[in-house]
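Please open the structure in your viewer and keep the sequence panel beside it. The tour below moves from one selection to the next and says what is to be found at each stop.

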Amino acid sequence: TLQFHVTNKCNLRCKHCYMKCEAGYEDELTFEEIIKVIGDFREYGGKQVVFTGGEILLKKEFVDILEFSKKLGLYTIAITNGTLWTDDLIDKVSGHINQIQISLDGYDEETNAQVRGNGVFSKALECADKFLKKGVEVIIAFTPMYDYDKEKYIKFGMELVDKYSDQKLFLDFAPWILNGRSVSADVQKNEKYYK
């Protein structure tokens with residue numbers, strides 16, 4: 001598996017993000033360099049590529065990169081915040097992507113906004129819904145902050161599982177991503193949160 005950070009640019013500023021994504025780096029790989037790396041990876045027996053960032057859609061050639069990877073026969077996975085996908089873009093890439101992971105950190109607009117900002121919750125859920133309807137496997141990855149209401153996350157997760165019971169939806173609850181942008185914790189608090 002190749003874990004490929006295509007850009008460090010991101011349109012969000014999530015509190016826990018370990019990437020500290022901003023405007024991107026001046027020396028990010030060009031489209032040609034990325035294609036070369038992916039081609040070499042496949043030539044040496046690579047099977048799967050995971051595209052991540054930043055926000056992958058901020059790499060202007062991302063769709064071309066995705067199509068190239070799929071053409072080589074690679075199992076393709078994309079990790080996104082789900083806020084920039086249009087209907088046309090989803091239609092275009094759904095045949096070139098095996099799995100998409102969408103980050104969603106709250107169980108409603110208010111709790112998600114505490115981490116990701118206003119308006120992100122509904123966009124991410126709409127993105128997941130549209131990919132699921134296209135037959136793409138979707139993982140919704142949650143990273144709750146300290147003092148979260150576990151029962152409300154469970155209830156929300158069960159609602160999603162019920163709604164998409166006949167589709168390829170998976171939930172990944174990851175409370176261990178902690179020491180991010182504006183979170184500091186001592187060892188005891190960290191252990192309590194992880195449990």
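Is cysteine 10 buried or exposed? Select cysteine 10 in this predicted model, and its relative accessible area of 14% places it among the buried residues, because buried means under 20%. Cysteine 127 is the next selection, and with 3% relative accessibility this residue counts as buried too. A search for disulfides will return nothing, as the structure holds 0 of them.

**The whole chain**

Now zoom out and colour by secondary structure, which shows 7 helices and 6 strands in the chain. Followed from the N terminus, the elements come in the order β-α-β-α-β-α-β-α-α-β-α-β-α. Of the 195 residues in the chain, 48% are buried, while the chain exposes about 10,600 Å², with carbon and sulfur atoms supplying 51% of that area. If you display contacts with a separation of 6 or more, 71% of them are between residues 24 or more positions apart.

**Strand S2**

Select strand S2, residues 48-52, and go to threonine 52, which is found in this strand. Threonine 52 counts as buried, at 6% relative accessibility. Leaving aside residues up to four places away in sequence, threonine 52 touches Gln3, Phe4, His5, Val6, Thr7 and Ile79, so that selecting these residues together with the threonine will display the whole set of contacts described here.

**Aromatic pairs**

Next, show the rings of the aromatic side chains, among which there are 9 aromatic pairs. Begin with phenylalanine 51 and phenylalanine 62, whose ring centres are 5.5 Å apart and whose planes meet at 85°, so the pair is edge-to-face. Phenylalanine 51 lies in strand S2 and phenylalanine 62 in helix H2 (residues 62-71), so placed that the pair links distant parts of the chain, 11 residues apart. Phenylalanine 51 is buried, with a relative accessible area of 0%, and phenylalanine 62 counts as buried at 1%.

Move on to tryptophan 85 and phenylalanine 131, another edge-to-face pair, with 5.1 Å from centre to centre and 80° between the planes. Here tryptophan 85 sits in the loop between strand S3 (75-80) and helix H3 (87-93), whereas phenylalanine 131 belongs to helix H5, and the two residues are 46 residues apart. Tryptophan 85 counts as buried at 9% relative accessibility, and phenylalanine 131 is buried with a relative accessible area of 0%.

Then select Tyr107, Phe121, Phe142, Tyr153, Phe156 and Phe173 together, which ring pairs link into a cluster.

**Helix H6**

The last stop is helix H6, residues 150-163, where the 14 residues should span 20 Å at 1.5 Å a residue, and the end C-alpha atoms are indeed 20 Å apart. Which residues of H6 are buried? They are Tyr153, Phe156, Gly157 and Leu160, and because these residues cover an arc of only 100° around the axis, they lie on the same side of H6. Rotate the view to the face turned away from that buried side, and you will find the exposed residues Glu151, Lys155 and Asp162. Returning to the buried residues of H6, you can add their packing partners to the selection, namely helix H5 (120-133), strand S5 (137-142) and strand S6 (169-173).

Key
Residues are numbered from 1 along each chain as its sequence is written. This is a predicted model: local features need pLDDT of at least 70, side-chain atom pairs count only at pLDDT 80 or more; totals for chains, interfaces and linings use all residues. Side-chain values use heavy atoms; hydrogens and water are left out. Helices (H or I, at least four residues) and strands (E, at least two) are DSSP runs, numbered from the N terminus. Buried means under 20% relative accessible area, exposed over 50%, partly exposed in between (1.4 Å probe, protein chains only). Contact means heavy atoms within 4.5 Å. The expected span of a helix is 1.5 Å times one less than its number of residues. The arc is that of the directions from the helix axis to the C-beta atoms. Rings of Phe, Tyr and Trp (its six-membered ring) pair if their centres lie within 6.5 Å; planes under 30 degrees apart count as stacked, over 60 as edge-to-face and the rest as tilted. A disulfide is a pair of cysteine sulfur atoms within 2.5 Å. Accessible areas come from the Shrake-Rupley method with a 1.4 Å probe; for residues, only the protein chains shown count as cover.
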